[in-house]
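User: Please take a close look at one buried part of this protein and set it in the context of the whole chain. A plain account will do.

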Amino acid sequence: MDLGIRGKRALVCASSKGLGLGCAEKLAEAGVDLVMNARSEGPLTEAADRLRDAYGVEVTAVAADITTEEGRAEALSAAGELDILVTNAGGPPPGLWSDWDRDDFIKALDGNMLTPIALIKASLPGMMDRGWGRVVNITSQSVKAPIPALGLSNSARAGLTGYVAGTSRQVAPCGVTINNILPGIHATDRASSLDANVAKTQGISLAEAQANREATIPARRYGTREEFGAVCAFLCSQHAGFIVGQNILLDGGGVNATL
Ligand code: NAP
C-alpha cells in the first residue's frame with residue numbers, strides 16, 4: 001500500500017534502537033525524510049546511515065537528550081517544517097510504590113509526559129498552518145492495564161493520555177491527527193532489562209523470565225519493532241486522517257478487555 005507520505009518530513013525521537021527505530025525505518029521505507037534522535041552518538045549514527053543507504057531518504061541524526069529543553073530545541077531546529085512527529089523516550093525504572101519520592105515523579109513526568117507535550121506544542125502551529133500533520137506518541141499498555149511495578153510509568157503515561165484526548169480534538173479541524181500507540185511487550189533492550197529485573201527478584205534465569213512472560217500473552221511471543229513501526233507509519237499515512245485521539249494497543253492480546 002502506498003502510504004502517500006513520500007517527501008514528508010518527520011522527527012522520530014529516541015530512535016537509534018527499539019520501537020523508535022522501528023517507526024523511523026517504516027517511515028523511511030514510505031519515503032519520509034527523517035530527523036532521528038538518541039543520546040549516544042555511535043548507535044544513532046549507525047542507524048541513521050543504515051536507513052539513508054537502504055531507503056534513499058534524507059536522514060539527519062541529532063544526538064541529544066530529548067527530555068531536556070536544549071535537546072528538544074536542537075531536534076526541533078534540525079527538523080524545521082515538520083509534517084510528522086513521533087514522540088518517545090526511555091521508560092522510567094520499575095520499583096515499589098514506597099520507593100519513589102517527588103524527584104523520581106518529576107523525572108518520570110518530565111520524560112514521559114511533559115517532553116511529548118512540549119514537542120507537540122512546538123510542532124502543532126506549523127502543522128495547523130499547513131493544514132496537515134500527524135503526531136504519534138509511544139506510550140504503553142500500562143495506560144489500559146497498569147503494571148504494578150511500573151508506577152512511575154503508569155502515572156506519567158496517564159497524564160499524557162489525558163492531554164492527547166483533549167488536544168487531538170482541538171486540532172483535528174486543521175487536518176492534524178494525534179494518536180497514541182500502546183506497546184505491550186516487544187523484543188527490545190527495554191524488555192530485556194525488565195526481564196532481567198524479574199529474573200533477579202524471582203531468582204530465576206533470564207530465559208525463564210522471558211518464557212514465563214510469553215506464556216501470559218495470547219500470541220505466545222513478544223512483538224517486533226517492525227510490526228510496531230508499520231502501525232506507526234500507517235497512523236502517519238494519508239489513509240489515517242479519520243483516526244483521531246485513539247489509544248491503539250499492540251500487545252498480542254495481552255490485555256484481556258473488550259474496549
Ligand atoms: P529501548 O530498546 O531501550 O530503546 C530506547 C531508545 O530510546 C534508544 O534509541 C535510546 O538511545 C533512546 N533514548 C532513551 N532515552 C532517551 C532520551 N532521554 N533522549 C533521547 N533518546 C533516548 O526501548 P523501547 O523498548 O524501544 O521502548 C521505547 C518506549 O516504549 C519506552 O518509553 C518504553 O518504556 C516503552 N515501552 C516499551 C515496551 C517494550 O516491551 N519494549 C512496552 C511498553 C512500553 P540512547 O540510550 O542512546 O539515548
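Analyst: Helices here are DSSP runs of H or I with at least four residues, numbered from the N terminus. In this predicted model, D195 sits within one of them, helix α6, which covers residues 189-202.

The surroundings of D195 come next. Its relative accessibility is 1%, and D195 therefore counts as buried, the cut-off for that class being under 20%. Leaving aside residues up to four places away in sequence, D195 is in contact with L206, A209, Q210, R213 and Y222. With Y222 there is also a polar contact, side chain to side chain, at 2.8 Å.

A second buried position is G229, in helix α8 (residues 225-235). G229 has a relative accessibility of 0%, so it is classed as buried. The residues that G229 touches, again not counting those up to four places away in sequence, are G22, C23 and K26. The C-alpha atom of G229 is separated by 7.2 Å from that of A24, although the two positions lie 205 residues apart along the chain count.

T68 offers a case from another accessibility class. Its relative accessibility is 26%, so T68 counts as partly exposed. T68 belongs to the loop that runs between β3 (59-63) and α3 (69-79). A polar atom of the T68 side chain lies 2.7 Å from the backbone oxygen of D65. T68 also has a distant partner in sequence: G111 is 43 residues away along the chain, with a C-alpha to C-alpha distance of 8.5 Å.

These sites can now be placed in the whole protein. Its secondary structure consists of eight helices and seven strands. Of the 259 residues, 46% count as buried, and D195 and G229 belong to that class. Among contacts with a separation of 6 or more, 73% join residues 24 or more positions apart.

For overall dimensions, the C-alpha trace spans about 55 × 40 × 40 Å along its principal axes. The radius of gyration is 18 Å, which agrees with the value near 18 Å that a compact globule of 259 residues would have. The exposed area is about 12,100 Å², and carbon and sulfur atoms supply 53% of it. As for charge, there are 23 positive and 28 negative side chains, and the centres of the two sets are 5 Å apart.

Note on methods
Residues numbered from 1 in each chain as written. Predicted model: local features only at pLDDT ≥ 70, side-chain atom pairs only at ≥ 80, totals over all residues. Heavy atoms only, no water. Helix = DSSP H or I, 4+ residues; strand = E, 2+ residues; numbered from the N terminus. Rg over C-alpha atoms; globule rule 2.2 N^0.38 Å. Buried < 20%, exposed > 50% of the residue type's maximum accessible area, 1.4 Å probe, protein only. Contact = heavy atoms within 4.5 Å. Areas by Shrake-Rupley, 256 points an atom, 1.4 Å probe, with all protein chains shown as cover. Lys, Arg positive; Asp, Glu negative; His and termini not counted. Charge placed at Lys NZ, Arg CZ, Asp CG, Glu CD. Polar contact = N/O pair within 3.5 Å; in protein donor to acceptor, adjacent residues only side chain to side chain.
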